[in-house]
Amino acid sequence: MTTGDGAPLRRLTPEDIRTLFLFESLDAGQLAWLAEQGRVERREAGALVYAEGDPAECFFVLLDGTVRLCRTVQGDQVEINRTAQRGVYGGATQAYLGDGRQYRNSMWALTDAEFFVLPAEKFAHAVRSWFPMAMHLLEGMFVGMRDTQALIGERERLLALGSLSAGLTHELNNPASAAVRATSSLRERIAGMRHKLAMIADGRIDGRRLHALVGLQEEAVERVAKAPTLSPMATSDAEDELTDWLDDRGLTGGWELAPTLVNGGLDVDWLERVRAAVGAEELEPAVRWLTYTVETELLMREIADAAIRISTLVGAAKQYSQLDRAPYQVVDVHELLDATLVMFKAKIAGVRLVREYDRSLPSIPAYAAELNQVWSNLIDNALGAMGGVGVLTVRTLGEHDQLIVEIADTGAGIPEEIRPRIFEPFFTTKPVGEGTGLGLDISYRIVVNKHHGDIRVTSVPGSTVFRVLLPISPEAPPAG
């Protein structure tokens, strides 16, 4: 017999098939049937073995070589696994469930590869007829787990989004409210400033003195921009000194004016210059006019600060979500970590946050949005373990050709007996209803399967450290 291209058709012997772990327990008759129904096929390095979405016609078992499995996510090829293990399989793996009409992923040969290939209908017949009881169990388990994981995964994503959205809304509300309050106060101060200006400019001050007063106003504006930050004790002393000076010269409410003048960086020497410029009889309206000037500058600075805070939060949200970025790109891990920490700012309140970044580390090619999901899962677990009190440490370092991110907490730790299970799907130590057990499983798959890195944990009471190891120069995913 020959293949479609005229090459001789090669088959495996029953003894060859028994060396594959999937078939090692079959009897002689079953092995002989597989040897008759199956065939050996080769693929060159870089070739597509089968494509996601195509009719699932064959079941493939790897005999030699290295392959990678990919899924298409919003038009991008996402690698989910790569292996050179002899005997691994893919293709029409669910044909026996009657759900094998299309390939659910794509397989690429990374090196020259050889496969034992079985038509889908033959594979389905073998499983159904040889293992009827196992078929019922597999069907129930597969359908049940698929539906459960879909429901719980969707719920977990919604809960995580709701939690982060609530935190972001809270953080945005603070500067937005500050800007609204400052704008309202600014409107009042400008109205008062116009009133005082009318009193000053009614002819009681000659042009020369008025010109000097305007010059002092400009100087006051410059001083506000450069005003030093004083300690509480120094601020109190400066306010007392100004209050005494104003009271001694007959100005009413000096204790109300002093804090504003001190915040603007103005002192007694500067007020003496004002008195010399306008005279004692016009000192009070001049000082009050200049105080309004200082207040308006301080309020505008407060509004500008609030706007910058809002812009920074929006930028962090965009960085976290990566909605306007390519899925696979060169990223600065520190920017991703900082964006994630901003999203958790409300939950971190009460916990001391320590950043220990090695800024000399290079940017790396990565799936940025997925890495942010990893940081979110690890930080959320760390905060939960500490119960709102403790130290959260986020550290980066480099070792050989790997970039390492550590998320450490001072919680109670992970018991040694359950540590090997923490990356299992649906395993959780949280009370019933409070955890789905998917966070660390998702994180593991993102780091290990998509980035070809590793994720490890060490834990003793008072110190739990998750280490995420990422290759600094990973192979970029091939096009197609």
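Visitor: Is the crossing in which helix 6 passes helix 8 left-handed or right-handed?
Guide: In this predicted model, local features need pLDDT of at least 70 and side-chain atom pairs pLDDT 80 or more, while totals for chains, interfaces and linings use all residues. Residues count from 1 along each chain as its sequence is written, and side-chain values use heavy atoms, without hydrogens and water. Helices (H or I, at least four residues) and strands (E, at least two) are DSSP runs, numbered from the N terminus. Helix 6 passes helix 8 with the near helix turned clockwise from the far one by less than a right angle (anticlockwise would be left-handed), and the crossing is right-handed.

Visitor: At roughly what angle do the axes of helix 6 and helix 8 cross?
Guide: Helix 6 covers residues 232–248 and helix 8 covers residues 268–278. On the helix 6 side, Glu241, Leu242, Trp245 and Leu246 make the contact (heavy atoms within 4.5 Å), and on the helix 8 side Val268, Leu271, Glu272 and Arg275 do. The axes (lines fitted to C-alpha atoms over the stretch in contact, with angles from 0 to 180 degrees between N-to-C directions) come within 10 Å and cross at roughly 25°.

Visitor: How far apart are the axes of helix 2 and helix 3?
Guide: Helix 2 (residues 28–37) brings Gln30, Trp33, Leu34 and Gln37 to the pair. These meet Lys122, His125, Ala126 and Trp130 in helix 3 (residues 120–130). The two helices pack at an angle of about 170°, with their axes apart by 11 Å.

Visitor: Which strands stand at the edges of the open sheet with the order 1-8-3-6?
Guide: The sheet has 4 strands with antiparallel pairing (strands pair if DSSP finds at least two bridges between them). The twist averages 35° from one strand to the next. An edge strand has a single partner strand, so one side of it is left without a neighbour in the sheet, and this holds for strand 1 (39–43) and strand 6 (89–91).

Visitor: Which residue in strand 8 is the bridge partner of Arg43?
Guide: Strand 1 and strand 8 (residues 113–119) pair in the antiparallel sense over 5 bridges. In strand 8, the partner of Arg43 is Ala113.

Visitor: At about what angle does helix 3 run to strand 8?
Guide: Helix 3, the helix that packs with helix 2, also lies across two strands. These are strand 3 (58–64) and strand 8, and to strand 8 the helix runs at about 65°.

Visitor: By how much, on average, does the sheet with the order 10-12-13-15-14 twist from one strand to the next?
Guide: This open sheet has 5 strands and mixed pairing. Strand 10 (351–356) and strand 14 (454–460) each have a single partner strand, so one side of each is left without a neighbour in the sheet. From one strand to the next, the twist averages 15°.

Visitor: Which residue in strand 13 stands opposite Thr396?
Guide: Strand 12 and strand 13 (residues 402–409) pair in the antiparallel sense over 7 bridges. Opposite Thr396 in strand 13 stands Val405.

Visitor: At about what angle does helix 12 run to strand 13?
Guide: Helix 10 (residues 333–343) lies across strand 10, strand 12 and strand 13, at about 165° to strand 12. Helix 12 (residues 368–386) lies across strand 10, strand 12, strand 13, strand 14 and strand 15 (463–471). To strand 13, helix 12 runs at about 25°.

Visitor: How far apart in space are Glu399 and Ile472, C-alpha to C-alpha?
Guide: Glu399 is in strand 12 (residues 390–399). Not counting residues up to four places away in sequence, Glu399 touches Ile404 and Arg467. Glu399 and Ile472 are 73 residues apart in sequence, and their C-alpha to C-alpha distance in space is 9.8 Å.
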